[in-house]
Amino acid sequence: MTQSPGQGNALDNLLTESRTFPPSDEFAAQANAQPALYEEAKADREAFWAKQAERLHWDTKWDQVLDWSDAPFAKWFVGGKLNVAYNCVDRHVESGHGDQVAIHWEGEPGDSRAITYAELQREVSKAANALTSLGIGAEDRVAIYMPMVPEAIFAMLACARVGAMHSVVFGGFSAEALRTRIEDSSCRLVITTDGQYRRGNPAPLKPAVDEAVAGAPSVEKVIVVKRTDTEVAWTDKDVWWHELVDSQSDQHTPQAFDSEHPLFILYTSGTTGKPKGILHTSGGYLTQASYTHNYVFDLKPDTDVYWCTADIGWVTGHSYIVYGPLSNRVTQVVYEGTPNTPNEGRHWDIVQKYGVSIYYTAPTLIRTFMKWGADIPAKYDLSSLRVLGSVGEPINPEAWIWYRENVGGGKAPIVDTWWQTETGAIMISPLPGVVSTKPGSAQRPLPGIGAKVVNDEGVEVEHGGGGYLVLDEPWPSMLRGIWGDEERYKDTYWSRFGEQGFYFAGDGAKYDADGDIWLLGRVDDVMNVSGHRISTTEVESALVSHPTVAEAAVVGASDETTGQGIVAFVILRGGAGADAGGADAIKALRDHVAKEIGPIAKPRQIMVVPELPKTRSGKIMRRLLRDVAENRTVGDVTTLADSSVMDLISAGLQSGKSED
Ligand code: WTA
């Protein structure tokens, strides 16, 4: 949990990165965002958001922009009515864009499908009629447990269309994880596939659903999409998508729902074992998803080809594959598989094939690409790329620069977007064309958003100081609570700075001398070494800036003399050479960190490992590394993407361990 308060700065601000990259005049001139946007939002925040809400089609206009009288439970666009799916699909057909491709779907084995807005409208209508035929309607919960196939998007939009709430559960989660999520929100229906392609091979998916549903009595029906043609066991709850959905009429009249009508639940892990069902509603969520997607990615719906590499199992897939982009009439790529199938150039092959112009991915993947080598993207024509995005964790400056040089051709602006499942949409990010970007910094709150870095007392820190990130104004796409647990909602997010009324994001952050925000990782990842608070991210960043290091994870391990000692786990780059893991090389790495940050940040111990333990969404599980660093038995590994990683690490320690 959070550490005890220090004097003054809550986090020592050690690493300095001073490069900046102003936008080209050419980009700035054509950008959707212009500097005046900040002024406009500042002048009248609610009027600003009301204007953004006009991006959508409302069946009934709201009569109040924000009702915050029941804080921390917000109501946005009070009295307004809209249909979210209509906004993402039908209105584009009605405005004459039925023939525009909405989704260029690329299957892992190489099959593909182009889906126009007209076709999307028919598919979503059929699926909505199918839901109605099963008696699924307003506020029913539907679990979606699927790989990245088009039907997953049809299913989400069909739920939105009939007012049912979807709860998408990542297809890599276990049967038990699925069961607890189904149970927590009493889902009546599950939508799944027979199997999914993973690293070139079909893997079964439905058996996990069978197991989960056996222990979840709320489920009445299971709709199964045939994807891999794997043989599956069949129960009397099961029905094939192609039999049920394809026999429905492709006409469906959407009904308008209240702006605060619930849209979805998405589970995210917290500090306790029980996942939190984050609740989002309709009008405010769609407004901010649409607004941010337009300005942060500079989307030009007539010419851009957009690709967000996230999975719909995460919030990024919800807001930046489904709701934001489709509400903006995007043409986008959706890719089913892994980035190294059939080879490590797959993403660049897809960029070249479709002429992708906007590419949004995660730092962990960028570092993987670095590990694979710059010669791989160099083999492809990536000249169509004009905006690059990053999300999910702080991006270390080395990875940022690598991304800019090797993917963005040294000129595409990079937007480092900070937000959370809870915030629903992007909150902090440079606006491309307006802000000079800085490698590693998410920089400033978007127009209309209030964010600050404060100390333990909730007082804003000075430029150059570190502390906690808070959001000091309600925002349209904010969570409306945790499903079934009002108290946990208040406790988790609103009690830490309750007096000030700030939302506590749980992230450490600092201001640089210009007042730009740098995210420093979760506050529970902050180490305390000899009374100095040091972010794990800063040490990782320093390690990765060494030419032999591909990836690094740092934990604070308890230490008799210093409180915590810094223990680093590093993966070496492919071409690092045979000696890179030797004692001298490890000493050089420690010295490198001392040089980059200061002797205080010098790792006590560096271990060379072949892999790092990551969750399925790519977050490093520091808890497990802390177990290794503190010589404990390694704890629960069930949320790891690959549970054999911990064995590999233990094995690697035999050869790579170094202490001095
Ligand atoms: C982290 C993902 C630094 C942060 C959209 C946050 C980031 C958590 C960034 C939310 C970023 C996300 N820079 N850190 N650009 N983006 N994070 O709910 O710790 O999966 O609190 O949402 O990821 O993760 P979540």
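Glu139 is partly exposed in this predicted model, with a relative accessible area of 42%. The residue sits in the loop that joins α6 (117-133) to β6 (141-145). Its phi is near 70°, a positive value in a residue other than glycine.

**Backbone conformations in the loops**

Arg329 is likewise a residue other than glycine with a positive phi, here near 60°. Its place is in the loop between α12 and β17. The relative accessible area of Arg329 is 12%, so the residue counts as buried, the limit being under 20%.

The loop between α12 and β17 (332-335) also holds Thr331. With a relative accessible area of 10%, Thr331 is buried. A polar atom of the Thr331 side chain lies 2.7 Å from the backbone oxygen of Val101.

Two cis peptide bonds may be described next. One runs from Ala71 to Pro72, with omega near 5°; Pro72 is found in the loop between β1 (64-67) and β2 (75-78). Another runs from Thr341 to Pro342, with omega near 0°. Pro342 belongs to the loop between β17 and α13 (346-354).

**The ligand and its surroundings**

How many residues surround the ligand? The number is 16, and the closest are Asp416, Thr417, Gln420, Thr421 and Asp507. By character, the shell divides into six nonpolar, five polar and five charged residues.

Individual atom pairs between protein and ligand are listed below.

| Protein residue | Protein atom | Ligand atom | Distance |
|---|---|---|---|
| Gly392 | polar backbone atom | nitrogen | 3.1 Å |
| Thr417 | backbone N or O atom | nitrogen | 2.8 Å |
| Lys619 | side-chain N or O atom | oxygen | 3.4 Å |

On its own the ligand has 530 Å² of accessible area, and the protein covers 90% of that area. The elements that give two or more residues to the shell are α12 (315-327), β20 (414-417) and β24 (517-522).

**Two helices**

Helix α11 spans residues 283-296 and has 14 residues. From its first C-alpha to its last, α11 reaches 20 Å, close to the 20 Å expected at 1.5 Å a residue. Because 14 of the 14 residues of α11 are buried, the helix is largely enclosed by the rest of the structure. α11 is followed by Asp298, whose phi is positive, near 55°.

Helix α19 covers residues 583-596 and has 14 residues. Its reach from first to last C-alpha is 20 Å, close to the expected 20 Å at 1.5 Å a residue. Which residues of α19 are buried? They are Ile586, Leu589, Arg590, His592, Val593 and Ala594. Just after α19, Gly598 takes a positive phi of about 140°.

**Cysteines**

The count of disulfides comes to zero, with the rule requiring two cysteine sulfur atoms within 2.5 Å. Why does Cys187 form no bond with the closest cysteine, Cys159? The sulfur of Cys187 is 9.5 Å from that of Cys159, which is too far for a bond. Cys187 has 0% relative accessibility and therefore counts as buried.

Cys308 is in no disulfide either. The cysteine sulfur nearest to that of Cys308 belongs to Cys88, 15 Å away. Cys308 is buried, with a relative accessible area of 3%.

**Ser650**

Ser650 lies in helix α21, which comprises residues 645-656. Is Ser650 buried or partly exposed? At 33% relative accessibility, Ser650 counts as partly exposed. Ser650 and Ala216 are 434 residues apart along the chain, and their C-alpha atoms are separated by 37 Å.

Key: Residues numbered from 1 in each chain as written. Predicted model: local features only at pLDDT ≥ 70, side-chain atom pairs only at ≥ 80, totals over all residues. Heavy atoms only, no water. Near = heavy atom within 4 Å. Polar contact = N/O pair within 3.5 Å; in protein donor to acceptor, adjacent residues only side chain to side chain. Areas by Shrake-Rupley, 256 points an atom, 1.4 Å probe, with all protein chains shown as cover. Helix = DSSP H or I, 4+ residues; strand = E, 2+ residues; numbered from the N terminus. Nonpolar A, V, L, I, M, F, W, Y, C, P; charged D, E, K, R; others polar. Expected span 1.5 Å × (residues − 1). Buried < 20%, exposed > 50% of the residue type's maximum accessible area, 1.4 Å probe, protein only.
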